[in-house]
Amino acid sequence: MNNLERMKKFHQAKWNEPIIYELSTPGERAVLVPGPCCDCVSTDEALGTLPAGMVRKERANLPEIAQLQLVRHYNHLSQENIGVDGNIDIGQGTCTMKYNPKINDRLAGQPKVADMHPLQPDETAQGILEVFYKTGELFKEISGLDVFSMQPGGGSHGVLALASIVRAYWRDKGEEDKRDEIITTLFSHPADCAVPIVKGYKVTIIPPDEEGYPDIEAFKAALSDRTAAIFFTNPEDTGIFNVRIKEFTRLAHEKGALCCYDQANANGLLGITRTAEANFDMSFFNLHKTFGAPHGCGGPATGMVAARKELRPYLPVPLVEYSPEKGYYLDFDLPKSCGKIKSFWGVAPVVVKAYSWIMALGADGLREVSRVAILNNNYCMKKILAIRGASISFPNHPSRIEQARYSWQQLKEETGFGTADVQRCCADFGTHYWSSHEPFVIPEPFTIEPSESYSKQDIDDYTAVLAEISRMCYEEPEAVKHAPVNSTVHHIDHDYFDDPAKYAITWRAYNKKYTGYFEPKKG
Amino acid sequence: MAKKMFPYIPNSEEKIQREMLDFIGVNSIEDLISDIPEDMRMNHKMALPEPYCDESGLVRHVNGILAKNKTAKELICFLGAGCYNRYVPALVDEVVNRSEFLTAYAGEPYEDHGRFHAMFEYQSMMAELLDMDVCNVPNYDGAQAVGTALRMACRITHRNEVVVPKNINPDTLRAVQTYLQPDVKITFTDYNPKTGRICLDCLKKNLTENAAAVLVMNPNFFGIIEERAQDIADMAHEKGALLVAYVEPSTLGLLTPPSQYGADIACGDIQALGMHMNYGGGVAGFIATKDEPRFVDEYPSRLFGIAPTSEGEWGFGDVLWERTSFANRDHAKEFVGTHAALWGIAAGVYLASMGPQGMKELGEAVLQRQVCLKKNLAGLKGVSLDKFSGTPFQEFVVDFSASGKTVKEINAALLERGILGGYDLGAAFPELEGCALLAVTEQTSADDIKALVSALGEILA
């Protein structure tokens, strides 16, 4: 049986798993809590100290389940979830899905990390502070920059830190009111646009030119003495490396603006080119993407910020520093700091994972990561472009860095099926395909990022699935209409998600709106 | 010498690379990046330390560093202040470390159905605990949650000022200040120096019709229950402002949920619901509201809803996707990205493990230990427990100023005896110089209390 045939016989775990409330049996429990610590004070006496109006009158409506039944429920749910370890996850482009070495989870999950309170004296936290500090030291070489903050809790949070640093910088220079504009590009990450708006900036979005590069004439027209900063992703989500990036930073610097690099897509650049070489002042890196920490269904993560030493005073407090006298310590002495971005100091387990990942690979390994990510992507691209109905954005570029944004526009025109239909079909082969690359500037888009973790065979299998789905769209439209049939669930009625009368975001909201399986309540 | 082998990179094998390059039609990987200009190339091999290529070497190296930590469990921990040394049931770790959850990401309902299902259940259980109808997928932390809750209030009321009491967590406040700059004005209001609770007279003076929201932290940073929260809600509502309540969810098995004293938006952090402290990295935020479009429309976060499928199963998906920055870059409600979703699954397992009775007993266990510790400290020379008259729940203020020793000195002496003393309040609250915040959890034992009392007896003698 060839691989495609094998994948055709795939069937995802399907347990018809109830909602947890449907498993509840009054009186059952999975875990007991300790009773009173000693008999110096009875529980009743302690309860008597509470103000009467602040004691909960009715028990919270939580499910009651014994331990085995609860473990089984969550195991069923985990089996109804594929993840990187279960499938070829290259369809989640822009997210750098890759293998996350198991040893990193083990190292970060042990008590020496898990049981540390963030407010412990620095002298008792020398190990974890050393990991933060040394991770920064590694990034000096990886980014070419000088100072680091591990505080942000994800990529968008990293962008928030950058925008906050920009504001603190211009406040310090007395130009906060004058410098009120930020420039980004259409194929930069959504956060590069959405975050500066939260921070009170007027945002200008530079469209691509015919070649797919940010339009330099539009950029020149947007730049002015009001420009506080530019926020550029490179390579952009199209996978195209902006070869004129230094021209953009030169022009921005001429106007006095700060240059912020979004390095969420850095997986193809390690050891090849860096933030420093592109003359950016700051950047962020996703430790949960490029640097080997798993994504955990959407975090916890780290959007580490890196900056030139001149910008150190504006970084979030505290920074992790070292001196022979004090050892490793948290430095709060930054009077011009942009403030805090996150509670405490950052997501320590993710930093441990990233540190371990880099220390397992070294300079040669990091460069090999990028070389293979590029090789895999271009190999995959050639395979996809041979599929009927598929095309690529800005086809004048013969190669891409680590990912590429494609289009099913021709498929849509010829069969009526688009990217959302392909997405449903992919589930029937046990592979993942993310449908969201909005706004749909490229029609019927899909973005594929093979990263270095996937083998040639994986890429052959994945692209064979896409080819088979294309064939089905042309030759077996009925099958496509009914997909998925091998998934955990069948076609979900999306009308229920945008109508306030119909959506139910919790089980209690569902019970208030419906009497049974989506039968509207009367009256 | 053979080329180095990389266990995480299958296609680093030269023969395979050759095959792939031939298929692409280029000679080398270098040809695929030839457009990157020469003056942008790194001109040297990265100067990184020699790697630990074998896993055993890596483990020795990393553990060698981490061994320098002295954990809060190796010591006796009385630190709280927003992160709690709570017991994490084994089944919570079991579930969140399953690789199908751990290695999944944004996903789609058809192949990552389990993730949507688990998160919907988390939202549902949090909503019950909070007595609200809507709860979001976890965001970064409590600070992000309260920052967003206040921005939501501004959008809902079309006002741009928020009233914040001075008895909230200073760490949280600093992040909120960063988040609200530059367009949301914060007006501070005092706490009552006798009770430690929000000063209602001060609030009356500070609350105008410009206010979008009044924030209440309950229990507040001093550990004290804001028992007049309903009065505060009434005052806010009278001026057309919303009440935003920052609550500690682990207390809500026992304490009145925020909706029942008039909170329009509840928010906070779920670290205490099944997350290890992780040096502060076990935090995740929640926001909960009523099920009304004026609230639901204003969430920037993902909200997973339930829906029917063509075959009558439970289906799930994103509610009001167009709110988010994924869909609507420059017209989104704030922004969304990778936050802390896995901790939502953990908190879900935790809440389901405890059930209603467990959450109530948890509250009782914590309260009993707090009262017990306080009772045991009473009468110690140099210790005053009368700084505030308000009722504490799981942490409380201890005034050491009569002892002639600073909190720093006392904590250093406690650490010598293997005890992590309380949070030093003097830096963030100069009026509380000499005071510390001591926290208990259900893990605090009679021996722990005895050790602290005996150590303080020696230190303050």
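This short talk walks through the contact between two chains, their aromatic pairs, one helix and the cysteines.

Hi everyone, and thanks for coming. Please keep in mind that this is a predicted model.

Let me start with how the chains meet. In this model, 197 residues of chain B touch 215 residues of chain A. Between them, chain B and chain A bury about 18400 Å², and carbon and sulfur atoms give 64% of that area. On the chain B side, the residues that lose the most area to chain A are B:Tyr110, B:Tyr279 and B:Arg329, which together make up 7% of what that side buries.

Now to the rings. How many aromatic pairs are there over all chains? The count comes to 44. I picked a couple to show you. One is A:Tyr169 with A:Tyr314, an edge-to-face pair at 5.4 Å centre to centre and with 75 degrees between the planes. This pair links distant parts of chain A: A:Tyr169 belongs to helix α7 (residues 155–172), while A:Tyr314 lies in the loop between β7 (303–307) and β8 (319–323), 145 residues apart. Both A:Tyr169 and A:Tyr314 are buried.

For another geometry, turn to chain B. There, B:Phe116 and B:Phe304 are stacked, with centres 4.4 Å apart and 20 degrees between the planes. Again distant parts of the chain are linked: B:Phe116 sits in helix α6 (residues 113–130) and B:Phe304 in strand β9 (residues 304–308), 188 residues apart. These two, B:Phe116 and B:Phe304, are buried as well.

Some rings join up further. Ring pairs tie A:Tyr496, A:Trp507, A:Tyr510, A:Tyr514, A:Tyr517 and A:Phe518 into a cluster with B:Trp314, so do look for the chain B member when you zoom in. A:Tyr496 has another partner too: the charged end of A:Lys502 sits over its ring, 4.4 Å from the centre. In chain B, the charged end of B:Lys374 is placed over the ring of B:Phe396, at 5.9 Å from the centre.

Next, a helix I enjoyed looking at: α10 of chain A, residues 245–254. Its buried residues are A:Ile245, A:Phe248, A:Thr249, A:Leu251 and A:Ala252. Where do they fall, seen down the axis of α10(A)? They lie within an arc of 165 degrees, so they line one face of the helix. As a reminder, an α-helix has 3.6 residues a turn, so residues three or four places apart point the same way. The cover over the buried residues of α10(A) includes α9 (216–222), β4 (227–233) and β5 (258–262), in chain A. Just after this helix, A:Gly256 takes a positive phi of about 85 degrees.

Last stop, the cysteines. The structure holds 1 disulfide over all chains. It joins B:Cys199 to B:Cys202, with 2.4 Å from S to S. The link between B:Cys199 and B:Cys202 is right-handed, with 75 degrees about the S-S bond. B:Cys199 counts as buried because its relative accessibility is 13%, and B:Cys202 is buried with a relative accessible area of 19%.

Why does A:Cys297 have no such bond? The closest cysteine sulfur, in A:Cys95, is 13 Å from its own, which is too far. B:Cys135 is a similar story: the closest cysteine sulfur belongs to B:Cys267, 11 Å away and too far for a bond. A:Cys297 is buried at 0% relative accessibility, and B:Cys135 is buried at 0% too.

Thanks for listening, and I'm happy to go back to any view.

Definitions and conventions. Residues numbered from 1 in each chain as written. Chains lettered and ligands numbered in written order. Predicted model: local features only at pLDDT ≥ 70, side-chain atom pairs only at ≥ 80, totals over all residues. Heavy atoms only, no water. Phe/Tyr/Trp six-rings, centres within 6.5 Å; stacked < 30°, edge-to-face > 60°. Helix = DSSP H or I, 4+ residues; strand = E, 2+ residues; numbered from the N terminus. Buried < 20%, exposed > 50% of the residue type's maximum accessible area, 1.4 Å probe, protein only. Lys NZ or Arg CZ within 6 Å of the ring centre and 35° of its normal. Arc of directions from axis to C-beta. Contact = heavy atoms within 4.5 Å. Disulfide = S-S within 2.5 Å. Buried area = accessible area lost by both parts, 1.4 Å probe.
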